[in-house]
Amino acid sequence: MLYAILAYHVEDEILSWTPEQDAAVVAKVIEVQAPLRASGHLGPAARLDETRKAHTLRGPGAGMVLDGPFAETKEQLLGFHLVDYDTDEEAIAAARKLREVNPSAVYEIRPVKLYVPADGFGATKG
C-alpha cells in the first residue's frame with residue numbers, strides 16, 4: 001500500500017534558518033531517504049516552496065484564483081514523501097526515522113487511495 005508522509009512545520013521557523021542550517025537538515029533527511037530508496041520503499045519526495053508563493057483555486061465554474069493558502073494554522077504543509085509498505089506500522093516507522101533527523105517537523109501518515117505515476121511506483125489498485 002502507498003502512503004503519503006506529509007511534513008508540516010512552522011514555516012517562519014524554517015525560513016529563519018541560515019543556508020547552512022537548512023543544508024544540514026536536508027543532508028540528514030537525504031541520509032534517511034537513502035536506505036528507504038535502496039530497499040524500494042521510497043518513491044517521489046518533494047519539498048514545497050514557500051506558502052506565500054502558493055495559489056488557491058476555489059469556487060464554482062472555472063473558479064477564482066487567490067493568492068496563497070488560507071488555512072488558519074500554526075504549521076504549514078512544506079513537503080512530502082511517498083512510500084510503499086504493507087502496513088501502517090511500517091509507514092509510521094519510516095516517518096519516525098525522518099523525524100529523528102528533523103525533530104521540529106510534524107508528520108502525518110496517510111494511505112494514498114489513488115496514484116497515477118509519471119515515475120516512481122506503479123499505479124495504485126482500485
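Hi everyone, this short talk covers a sheet, a helix that lies across part of it, and a pocket.

First, some ground rules. This is a predicted model, where local features need pLDDT of at least 70, side-chain atom pairs count only at pLDDT 80 or more, and totals for chains, interfaces and linings use all residues. Residues are numbered from 1 along each chain as its sequence is written, and side-chain values use heavy atoms, with hydrogens and water left out.

Let's begin with the sheet. It is open, with four strands in the order E2-E5-E1-E6 and antiparallel pairing. Strands here are DSSP runs (E, at least two residues) and helices are too (H or I, at least four), numbered from the N terminus; two strands pair if DSSP finds at least two bridges between them. At the edges sit E2 (42–47) and E6 (106–111), each pairing on one side only.

Now look at E2 and E5 (residues 76–84). Four bridges join this antiparallel pair, and Leu42 stands opposite Val83 in E5.

So where is the pocket lining, and what supplies it? Strand E1 (2–9), helix H1 (11–15), H2, E2 and E5 each supply at least two residues of the lining of the largest pocket. 
A pocket is an open set of points on a 1 Å grid over the protein atoms alone where a 1.4 Å probe fits, with protein on both sides within 12 Å along at least five of seven lines; lining residues have an atom within 4 Å of a point. H2 (residues 19–38), which lies across E2 and E5, gives the most to this lining, with six residues.

How values were computed:
Contact = heavy atoms within 4.5 Å. Axes fitted to C-alpha atoms, helices over the stretch in contact; angles between N-to-C directions. Points joined across faces, edges and corners; volume = space filled by probe spheres on them.
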